[in-house]
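Me: I'd like to go through the ligand site and the empty spaces with you, asking each time what backs up the label.

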Amino acid sequence: MKIPRRRFLQLAAGTVALPAASRFARAQAYPTRPMTMIVPYAAGGPTDTIARIMAERMRTSLGQIVLVENITGAAGTIGVGRVARAAPDGYTISIGHWGTHVVNGAIYELPYHVFNDFEPVSLIASNPQLIVARKGVPASDLQGLIAWLKANSATATQGTAGHGSASHVSGVYLQSITGVRFQFVPYRGAGPAMQDLVAGQIDFMIDQAANSLPQLRAGTIKGYAVTDKTRLAAAPEIPTVDEAGLPKLHISLWHAIWMPKKTPKEIIAKLNGAIVDALADPAVRKRLADLGQDLPPRDQQNPQALAAYHKQEIDKWWPIIKAANVKGE
Ligand code: MLT
């Protein structure tokens, strides 16, 4: 039976439109089941802590549980790679930061591109690092710590969140501006490194405020300086690196959320809405502030702002990191 041409074209258009229509319908109905936020570092560390605070509040807006799954190793490249390969259906979310989505792209041969293979959703917060040491280190200020490291360069150790992680890059930077030498001890995240610092197994860390502040408050470690021009509101007693005589060491880590490339815009918008709600929630804001987090202003909590900032950071840091010849594992 010969179908009239006009009717044939209508049917053809319908079949083409069908997948688009169902994709749109799916995006409209999103989310219809729990989603997973992949944390590329060990549980208990700064990224895990921030992820759990956000996931808990995002559940209210999304009406579905946001499960947190830790997939660790190789300075976060394995967990981020899992999201790059995931289906763009809105159910796999990447939380990462300057280390995972800027530094790693400059030092690792990755099976994905840290910018091109992800859809930006929103910035979350940023925090400077803290130079901290185990209780037994006989130094009362930063210059004293540097002198002690100089005197113990053969045995002194810095714990890092992995080879090429932000804490490792900061250590290389500290060595280059002070001439001090020490060993790097890589962990699957800042959380397990902190456990060994508290236990006195390693000597010092250049660590995210979110990870060190609880231990500083508990008096289990010593704090020497914050890698910023201004003191932390959450720890006003700790001097800045400028005040402590190391003006150049300004490093801040910003956390953000991405999804796999080609995730529909409607789904990105829904997830962004849940993040904006969470960052406006006074309880969430207090918990993040207590962890030394600076939250982006409301007009910076959108995919376009993250894309612009991410690109800017890549353009700034890749030449510096490549020149420093830091290599991934
Ligand atoms: C972590 O959660 O362990 C950190 O984000 C790792 C790091 O500081 O690079």
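Me: What makes the pair between the ligand and the side chain of Gln-208 a polar contact?
Reply: An oxygen atom of the ligand sits 2.8 Å from an N or O atom in that Gln-208 side chain. A polar contact is a pair of N or O atoms within 3.5 Å (within protein, one must also be able to donate a hydrogen and the other to accept it, and residues adjacent in sequence count only if both atoms are side-chain atoms), so this pair qualifies. The protein covers 99% of the 270 Å² of accessible area that the ligand has on its own (Shrake-Rupley method, 1.4 Å probe). Bear in mind that this is a predicted model, where local features need pLDDT of at least 70 and side-chain atom pairs count only at pLDDT 80 or more, while totals for chains, interfaces and linings use all residues. Numbering runs from 1 along each chain as its sequence is written, and side-chain values use heavy atoms, with hydrogens and water left out.

Me: Which side-chain atoms of Thr-47 come into play, and how far are they from the ligand?
Reply: An N or O atom of the Thr-47 side chain is 2.6 Å from a ligand oxygen atom, so that pair meets the cut-off too. For Ala-190 the partner is a backbone N or O atom, at 2.7 Å from an oxygen atom of the ligand.

Me: Why does His-97 count as part of the ligand's surroundings?
Reply: Being near takes one heavy atom within 4 Å, and His-97 is on that list, so it belongs, as do Tyr-41 and Ala-161, among others. By class the shell has five nonpolar, five polar and no charged residues (Ala, Val, Leu, Ile, Met, Phe, Trp, Tyr, Cys and Pro are nonpolar; Asp, Glu, Lys and Arg charged; the others, Gly among them, polar).

Me: How do you know that the ligand's space is a cavity?
Reply: A molecule sits in one if more than half of its atoms lie within 2 Å of its grid points, and the space taken by the ligand is the largest cavity. On a 1 Å grid over the protein atoms alone, a cavity is where a 1.4 Å probe fits but cannot get out, whereas a pocket is an open set with protein on both sides within 12 Å along at least five of seven lines; lining residues have an atom within 4 Å of a point. The cavity's volume is about 140 Å³, and β7 gives the largest share of its lining, four residues.

Me: What is in the largest pocket's lining, by class?
Reply: Five nonpolar, four polar and four charged residues, around about 220 Å³ of space.

Terms used
Points joined across faces, edges and corners; volume = space filled by probe spheres on them. Helix = DSSP H or I, 4+ residues; strand = E, 2+ residues; numbered from the N terminus.
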